[in-house]
Amino acid sequence: MGKLVIANNLTLTYENTPIIKSANFTINSGDFVFLTGISGSGKTTIIKSLYGELKPHSGSLRVGEFDLFNIKKSHLSLLRQHLGIVFQDFKLIPEWNILKNVMLPLLIAGINKKEAENLAIKYLNKVKLSHKADKFPAELSGGEQQRAAIARATIHNPVMILADEPISGLDEYSASLVMDLFKKANKLGITIIIASHSIPSAFDIEFRQLHIEKGKVYELS
Ligand SMILES: Nc1ncnc2c1ncn2[C@@H]1O[C@H](COP(=O)(O)OP(=O)(O)O)[C@@H](O)[C@H]1O
Ligand SMILES: [Mg+2]
């Protein structure tokens, strides 16, 4: 399995305040990784760097073939087309119904509308939301919105899924649906990175844990 993410002496800052200091880690294709650390430790900061939202201050960061220190705008959108991103606050488009929200990555990829719609229905089924296809995000509970967001993040068969606290605050039913989907995606070879303050108990597949403490990233095992 090849290396998908390589961070070398990676330092991430906000206005010169270092959050991640000279981190070294690699993530291989097919890995299931929990990125842990207390609140404010820098989990979201690392996730943001991985999809090019936050440019490294120094050191190097490679994701796939892309060097995130020097990435061009056109390559950034290319990179993001290969990622599935799950945000803590869902980031569904409020003016679009759930079906269209889930179709979004396929529309970006230029897939025709009918085909995109059929696949979106299939993915809404997987997260037990087909009965909410024509509702708007504001009409769904938090757990349902997150499940729609997971369907959107997986529908285009991404190389890697980045999920920022995907189950915090979710009811047990939604949380287990969401984790199941991540496990299934991983079995299909999709690399998964989940930022989470803790690892779900009795987590039953092989995983790695990268732990952030005082700006340093450690591999725990
Ligand atoms: N946009 C920002 N500007 C300045 N500081 C920020 C910004 N975003 C986060 N921080 C700070 O960076 C640190 C790490 O934040 P974050 O990565 O969100 O932590 P976590 O996701 O682990 O809770 C925190 O101290 C936070 O206050
Ligand atoms: Mg966070």
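Ser-22 lies in strand S2. In this predicted model, the phi angle of Ser-22 is positive, at about 45°, although the residue is not a glycine. Most residues other than glycine have a negative phi. Ser-22 counts as partly exposed because 15 other C-beta atoms lie within 10 Å, a count between the limits of 12 or fewer for exposed residues and 20 or more for buried ones. A positive phi is also found at Lys-214, where the angle is near 50° and the residue is again not a glycine. Lys-214 belongs to the loop between S9 and S10. With 8 other C-beta atoms within 10 Å, Lys-214 is exposed.

The strand that holds Ser-22, S2, is part of an open sheet of four strands with antiparallel pairing, in the order S2-S1-S4-S5. Strand S2 (17-28) and strand S5 (66-67) form the edges of this sheet, each pairing on one side only. Eight bridges connect S2 with strand S1 (residues 3-14), and the two strands pair in the antiparallel sense. Within this pair, Ala-7 has Phe-25 in S2 as its bridge partner. Helix H1 packs on the sheet, where it touches S1, S2 and strand S4 (58-63). The direction of H1 makes about 120° with that of S1.

A second open sheet contains six strands in the order S6-S7-S8-S3-S9-S10, and its pairing is mixed. Strand S6 (83-86) and strand S10 (216-220) are at the edges; each has a single partner strand, so one side of each is left without a neighbour in the sheet. From one strand to the next, the twist averages 15°. Strand S3 (residues 32-36) and strand S8 (residues 191-195) run parallel and are joined by four bridges. Phe-34 has Ile-194 as its bridge partner in S8.

Helix H1 also lies across strands of the six-stranded sheet, namely S3, strand S7 (160-164), S8 and strand S9 (208-213). Relative to S7, H1 runs at about 150°. Helix H5 (residues 142-154) packs on this sheet as well, touching S6 and S7. The angle between the directions of H5 and S6 is about 165°.

At the edge of the six-stranded sheet, S6 pairs with S7 in the parallel sense over four bridges. Leu-83 stands opposite Met-160 in S7. Both faces of S6 are covered. Leu-83 and Ile-85 are buried on one side, and Gly-84 and Val-86 are buried on the other. Edge position and burial are thus separate matters for S6: one side of the strand has no neighbour in the sheet, whereas its two faces are covered.

Helix H1 (residues 43-50) also contributes to the surroundings of ligand 1, supplying three residues, the largest share of the shell. The residues around the ligand are Tyr-14, Ile-19, Gly-37, Ser-39, Gly-40, Ser-41, Gly-42, Lys-43, Thr-44 and Thr-45. By class, the shell comprises seven polar residues, two nonpolar residues and one charged residue.

Lys-122 is found in helix H4 (residues 113-126). This residue counts as partly exposed because it has 13 C-beta neighbours inside 10 Å, where 12 or fewer would make a residue exposed. Lys-122 and Gln-88 are 34 residues apart along the chain, and their C-alpha atoms are separated by 24 Å.

Taken as a whole, the protein has six helices and 10 strands. The C-alpha trace spans about 45 × 40 × 35 Å along its principal axes. The radius of gyration is 17 Å, which agrees with the value near 17 Å that a compact globule of 221 residues would have. Of the 221 residues, 38% count as buried. Among contacts in the protein with a separation of 6 or more, 69% are accounted for by residues 24 or more positions apart.

Key. Residues are numbered from 1 along each chain as its sequence is written. Chains are lettered from A and ligands numbered from 1 in the order in which they are written. This is a predicted model: local features need pLDDT of at least 70, side-chain atom pairs count only at pLDDT 80 or more; totals for chains, interfaces and linings use all residues. A residue is near a molecule or strand if its C-beta atom, placed from the backbone, lies within 6 Å of it. Ala, Val, Leu, Ile, Met, Phe, Trp, Tyr, Cys and Pro count as nonpolar, Asp, Glu, Lys and Arg as charged, and the others, Gly among them, as polar. Two strands pair if DSSP finds at least two bridges between them. Axes are lines fitted to C-alpha atoms, for helices over the stretch in contact, and angles run from 0 to 180 degrees between N-to-C directions. Two residues are in contact if their C-beta atoms, placed from the backbone, lie within 7 Å. The radius of gyration is taken over C-alpha atoms; the globule rule is 2.2 Å times the number of residues to the power 0.38.
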